[in-house]
Amino acid sequence: MSARLGTIELQDKLILAPMVGITDLPFRLLCKVQGCDILYTEMVSAKAMYYNNKNTAPLLMLRPSSWDLIL
């Protein structure tokens, strides 16, 4: 059974909520492999982005170069 969210069809109806300190890229990849339909990046501070904080960029990483090999 599937569900629709606008134009997106959700197969397993699993959505990962954004959580500070939890939803980093490795965690999101594990969730994707386990069947999660919608994933969110880590929550980041807009102020940290504005000031180019060096710790913020890795939190925004969307995929490793080997994404296709994992999925």
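**Exercise 1. Find the residues that T56 touches, leaving out those up to four places away in sequence, and decide whether T56 is buried or exposed.**

Solution. Start with the neighbours: with residues up to four places away in sequence set aside, T56 touches V44, A48 and M49. Keep in mind as you work that this is a predicted model. Next, place T56 on the chain: it sits in the loop that links helix 2 (46-50) to helix 3 (67-70). Finally, look at the accessibility. The cut-off for buried is under 20% relative accessible area. T56 has 7% relative accessibility, so it counts as buried.

**Exercise 2. Work out how many helices and strands the protein has, and in which pattern they follow along the sequence.**

Solution. Count the elements to begin with: there are three helices and two strands. Then read along the sequence, and the pattern comes out as β-β-α-α-α.

**Exercise 3. Look for aromatic pairs and describe their geometry.**

Solution. Ring centres must lie within 6.5 Å to pair. By this rule you will find one aromatic pair. Its partners are Y50 and Y51, with 4.9 Å centre to centre and 90° between the planes. Planes over 60 degrees apart count as edge-to-face, and that is the label for Y50 and Y51. Now check their surroundings: both Y50 and Y51 are exposed.

**Exercise 4. Describe the protein as a whole: what share is buried, and what is its accessible surface?**

Solution. Of the 71 residues in the protein, 21% are buried. Turning to the outside, the accessible surface is about 5,500 Å², and carbon and sulfur atoms hold 60% of that. To finish, take the contacts with a separation of 6 or more: residues 24 or more positions apart account for 32% of them.

Technical notes. Residues numbered from 1 in each chain as written. Predicted model: local features only at pLDDT ≥ 70, side-chain atom pairs only at ≥ 80, totals over all residues. Heavy atoms only, no water. Phe/Tyr/Trp six-rings, centres within 6.5 Å; stacked < 30°, edge-to-face > 60°. Buried < 20%, exposed > 50% of the residue type's maximum accessible area, 1.4 Å probe, protein only. Helix = DSSP H or I, 4+ residues; strand = E, 2+ residues; numbered from the N terminus. Contact = heavy atoms within 4.5 Å. Areas by Shrake-Rupley, 256 points an atom, 1.4 Å probe, with all protein chains shown as cover.
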